[in-house]
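Colleague: I should be grateful for a close look at one part of this model, the charged side chains and their salt bridges. Please set that part in the context of the surrounding helices and of the packing in the rest of the chain.

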Amino acid sequence: MSEAQKRKHKTLTIKEKCDILDRLNRNESFSSLASEYGVGRSTIYDIKKNQEKIKQFVSTTDCGPGKRQTLKKADHPEVEQALYMWFQERNRDAPISGPMLAMKAKYFYKEIIKKDDFVASKGWLERFKSRHGICLMTITGEKLSNDATCIEPFKLNI
């Protein structure tokens with residue numbers, strides 16, 4: 001007799017979990033979903049059991065389910081909330097770089113938590129951007145350095 005082959009470990013994304021929940025609500029079987037997604041039936045049961053947590057997470061997250069796989073939040077959500085609000089307001093006026101975000105995160109941590117032991121590493125910055133769907137791109141050119149009123153006399157001279 002041949003031994004049964006062991007299934008490889010697979011972690012589903014939040015989006016896949018939402019799709020499974022929708023299909024379960026349409027009365028699809030646990031077994032068919034488990035075989036289609038390559039997971040055990042117990043995983044499908046766990047997703048069904050955590051339905052409220054998953055739906056609540058998707059409704060409160062800024063960037064939707066995307067590629068995320070876990071429902072984990074930040075260690076200090078109040079600091080991240082303050083930083084993200086600052087980012088949204090500030091982003092309208094001028095471009096923001098990664099080091100600026102890290103510096104402001106340290107500032108908010110110190111003000112809110114009242115400690116000075118926070119390290120805004122590159123890894124932390126990448127995870128923060130991923131959690132909030134932020135894509136920092138290189139911005140070229142000078143935004144506020146030209147004066148529109150000076151253009152007309154210059155055009156007349158040319």
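Modeller: Arg23, Arg26, Glu28 and Glu36 are joined by salt bridges into a network. The coordinates come from a predicted model, and what follows should be read as a description of that prediction. Within the network, one pairing is that of Glu28 with Arg26, whose side chains meet in a salt bridge with an N to O distance of 4.0 Å. The two partners fall into separate accessibility classes: Arg26 has 57% relative accessibility and therefore counts as exposed, whereas Glu28 has 27% and counts as partly exposed.

Between these two partners in the numbering comes Asn27, which belongs to the loop between H1 and helix H2 (30–37). Its backbone deserves attention, for the phi of Asn27 is near 65°, a positive value in a residue other than glycine. Asn27 is exposed, with a relative accessible area of 71%.

The structure holds five salt bridges, and another of them involves helix H1. Asp22 forms a salt bridge with Lys55, and the closest N and O atoms are 3.5 Å apart. This pair links distant parts of the chain, since Asp22 is in helix H1 and Lys55 in helix H4 (residues 51–60), a separation of 33 residues. Asp22 is partly exposed, at a relative accessible area of 34%; Lys55 is likewise partly exposed, at 33%.

A salt bridge within a single helix is found in H7. Lys129 pairs with Glu126, with 3.2 Å between the closest N and O atoms. Both residues lie in helix H7 and are three residues apart, about one turn of the helix. How do the two partners stand in accessibility, buried or partly exposed? Lys129 is buried, because its relative accessible area of 14% is under the 20% cut-off. Glu126, in turn, is partly exposed, with a relative accessible area of 47%.

The surroundings of H1 extend beyond its charged residues. Helix H1 (residues 14–25) packs with helix H3 (residues 41–49) at an angle of about 85°, and their axes are 10 Å apart. H1 is therefore roughly perpendicular to H3. On the H1 side the contact is made by Lys17, Ile20, Leu21, Leu24 and Asn25, which meet Ile44, Ile47 and Lys48 in H3. By class, five residues of this contact are nonpolar, one is polar and two are charged.

The nonpolar packing can be considered next. The largest nonpolar core has 18 residues, and those with the most contacts inside it are Leu83, Trp86, Phe87, Leu101, Trp124 and Phe128. Helix H5 (77–91), H6 and H7 are the elements that give two or more residues to this core. The largest share, six residues, comes from H5. A second, separate core has 13 residues, among them Ile14, Cys18, Leu21 and Ile47. Two of these, Leu21 and Ile47, also take part in the contact between H1 and H3.

Trp124 illustrates the surroundings of one residue of the 18-residue core. Leaving aside neighbours within four places in sequence, Trp124 is in contact with Glu80, Leu83, Ala105, Phe118, Val119 and Arg131.

The loop between H6 and H7 presents a further case of an unusual backbone angle. Lys114 lies in this loop, and the phi of Lys114 is near 65°, a positive value in a residue other than glycine. At 63% relative accessibility, Lys114 counts as exposed. Lys115 is also found there, in the loop between helix H6 (98–113) and helix H7 (122–132). Lys115 is partly exposed, with a relative accessible area of 47%. Not counting residues up to four places away in sequence, Lys115 touches Tyr109 and Lys110.

Taken as a whole, the chain has eight helices and zero strands. Buried residues account for 29% of its 158 residues. Among contacts between residues at least 6 apart in sequence, 59% join residues at least 24 apart. The bridge from Asp22 to Lys55, with its separation of 33 residues, also links distant parts of the chain.

Terms used: Residues numbered from 1 in each chain as written. Predicted model: local features only at pLDDT ≥ 70, side-chain atom pairs only at ≥ 80, totals over all residues. Heavy atoms only, no water. Axes fitted to C-alpha atoms, helices over the stretch in contact; angles between N-to-C directions. Helix = DSSP H or I, 4+ residues; strand = E, 2+ residues; numbered from the N terminus. Parallel < 35°, antiparallel > 145°, perpendicular 65-115°, else oblique. Contact = heavy atoms within 4.5 Å. Nonpolar A, V, L, I, M, F, W, Y, C, P; charged D, E, K, R; others polar. Buried < 20%, exposed > 50% of the residue type's maximum accessible area, 1.4 Å probe, protein only. Core = buried A, V, L, I, M, F, W, Y, C linked by side-chain atoms within 4.5 Å.
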